[in-house]
Amino acid sequence: MPQPIDMASRRATATAILTGLRAAGVRHLRVAFCTFSSRILSKAIALDSPGLDAAPEALFDGVGFVTCIQGFPNYALTIASDTNLTPTGCDALRPDFGTLTILPYMPSHAVVYGFLTNYDTAETPTALCPRAFLAEQVAAAAAEGFYMSCGMEFEFFLLGECDEGNEARIGRGTPCLAPLEATSRVPKNYCFAQNRGMSGRTGAFLDELAAELKQQPNSCCPVELSHREGGTSQYEVVMRYTPDLMKAADTVLTLRETLHAVGDKHGIAVSLLPKLTEATLGSGMHLHFSVQTERGGMNCFPSGDPTANHGISALGEAVMAGVLNRLDALVAVTQASSNSYRRMKKGCWSGATKAWNVDDKEASLRVCCPVGQSPQHFEMKTSDATMNPHYALGCIVQCAREGVRGKMRLPPRLSEAEEGTVEDLPSNFGDAIMAFKKHFVDGAGRGTSGRLHEVYRAVKEEECVHAARHLTLEAEVEKFLTFY
């Protein structure tokens, strides 16, 4: 969170930042954040402003956003009803300069992620700041004796312009788009992990993507692996583990923006929408978690005894059990759109049941065991790019804390559970929101962040109602194809 420093230090620090950016040829500093509707918003400070010469410390003031900004649903710039937000007042989006990055795809611009704060009390985040919520949950978990590290896998489709009559065309928007492989004069139909799927335009795209992400180390983890996925022109990039959950959340925003920027350079449209057609595979954003008793310390998820409790430590089990226990509510946060639930089908490796297992890709929580080793971490499959990553990770940590405090145990794993004892997860967004409300708004999960959870529920409920009334799958694709 923003830390108050004395005026002399603030001025000296701001002067150094300003001087460095100007020397690098940066003309605009974007201060950015992600809304509940998963829009990445920013305003850009002009660095050649004479006002900054006179008072460079003004950089710390950030930029203003109307107080109701978190109340906008994903389909319109209107305030969702039942948020009790009004178009009066202004909050300050104040920069976290630890995330400062010169954009490799537009080097005259730099970006920094920020905290939504009250204008009258400059260093106090508002009740609706997801970044502050995540920071609070991480600090609370540390006080309770544990930390979580996170790695991520992003799935997405690469699309190119096509003829109007192309049978593989996605949606009915303009320009006409189809999976990149279907736009070639020589049709291609690569399979999962096929070597040739990493060549040509796709290979050049992935090369530049990895290079540009590597140039943004303050706000992004590096790429560790990339491969062709199972859908036509569907790909996955795997990001390195980090013990810093704030950086993990920032990585989601940086990757999303860089994917689209690199795509623009290559004449490729990138879609992270969970489901494009009924016939295509869906795209998720799988989250992998390990646990430690000190930040960046030894992985404490394995017990050291692979013959007991499936090789999972008591701490690892409690963290995982806390997440599993509230998974029906969590999916409203980690799969934050009606389109997300079109991907949630049994048999599609999307985790449609409230269950865990060891190395089972059908389980919503999968314990991952490298060959010949004890379990190293667990994977959450019920997540995608529609989430607000800071809020989602904050909610996950909150549920993990419940597990640790309650010394929770895992139920029998999916392959050993008695028939009829495994619950289905919500199959639609409306049911997920109801489960979320029951725990995070009306129940024990409300905690000290009740206002944050209330507004999130109101925004998502309005998005859900709008989608049910107005959006077929084809209409969702037309509106949100490149939204995320």
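The following exchange goes through a predicted model, from the whole chain to a few single residues.

Colleague: What radius of gyration does the protein chain have, and what would a compact globule have?

Modeller: The C-alpha atoms of the protein chain fill a box of roughly 70 × 60 × 45 Å along the principal axes. For 484 residues a compact globule would have a radius of gyration near 23 Å, and the chain agrees with that, because its own radius of gyration is 22 Å.

Colleague: How many helices and strands does the protein chain have, and what share of its contacts joins residues at least 24 apart?

Modeller: The secondary structure of the protein chain comes to eleven helices and 15 strands. If one takes the contacts between residues at least 6 apart in sequence, the share that joins residues at least 24 apart is 71%.

Colleague: What percentage of the residues in the protein chain is buried?

Modeller: The accessible surface of the protein chain comes to about 19,700 Å², and carbon and sulfur atoms account for 52% of that area. A residue counts as buried when its relative accessible area is under 20%. Of the 484 residues in the protein chain, the buried share is 56%.

Colleague: How far apart are the mean positions of the positive and negative charges?

Modeller: The protein chain carries 45 positive and 54 negative charges. When the mean position is taken for each of these two sets, the distance between them is 2 Å.

Colleague: Is Arg-228 buried or exposed, and which residue offers its backbone oxygen to a polar atom of the side chain of Arg-228?

Modeller: Arg-228 lies in strand β9, which covers residues 223-228, and its relative accessible area is 0%, so Arg-228 is buried. Leaving aside residues up to four places away in sequence, Arg-228 touches ten residues' worth of neighbours that include Glu-181, Phe-192, Met-198 and Tyr-235. A backbone oxygen lies 2.5 Å from a polar atom of the Arg-228 side chain, and that oxygen belongs to Tyr-190.

Colleague: Which side chains make polar contacts with the side chain of Thr-386?

Modeller: Thr-386 lies in the loop between β15 (377-380) and α8 (389-405), and Thr-386 is buried because its relative accessible area is 0%. Not counting residues up to four places away in sequence, Thr-386 touches several residues, including Ser-38, Pro-274, Gln-335 and Tyr-484. The side chain of Thr-386 makes a polar contact of 3.3 Å with that of Ser-340, and a polar contact of 2.5 Å joins it to the side chain of Asp-384.

Colleague: What is the phi of Asn-84, and what is that of Asp-359?

Modeller: Most residues other than glycine have a negative phi. Asn-84, in the loop between β3 (63-66) and β4 (90-95), is exposed because its relative accessible area is 67%, while Asp-359, in the loop between β13 (356-358) and β14 (365-368), is partly exposed because its value is 39%. Neither is a glycine, yet phi is positive in each, at about 60° for Asn-84 and about 50° for Asp-359.

Colleague: How far apart in space are Ala-210 and Glu-153?

Modeller: Ala-210 has its place in helix α4 (residues 200-214), and its relative accessibility of 30% is why Ala-210 counts as partly exposed. Ala-210 and Glu-153 are 57 residues apart in sequence, whereas the distance in space, from C-alpha to C-alpha, is 14 Å.

How values were computed
Residues numbered from 1 in each chain as written. Predicted model: local features only at pLDDT ≥ 70, side-chain atom pairs only at ≥ 80, totals over all residues. Heavy atoms only, no water. Helix = DSSP H or I, 4+ residues; strand = E, 2+ residues; numbered from the N terminus. Buried < 20%, exposed > 50% of the residue type's maximum accessible area, 1.4 Å probe, protein only. Polar contact = N/O pair within 3.5 Å; in protein donor to acceptor, adjacent residues only side chain to side chain. Contact = heavy atoms within 4.5 Å. Rg over C-alpha atoms; globule rule 2.2 N^0.38 Å. Areas by Shrake-Rupley, 256 points an atom, 1.4 Å probe, with all protein chains shown as cover. Lys, Arg positive; Asp, Glu negative; His and termini not counted. Charge placed at Lys NZ, Arg CZ, Asp CG, Glu CD.
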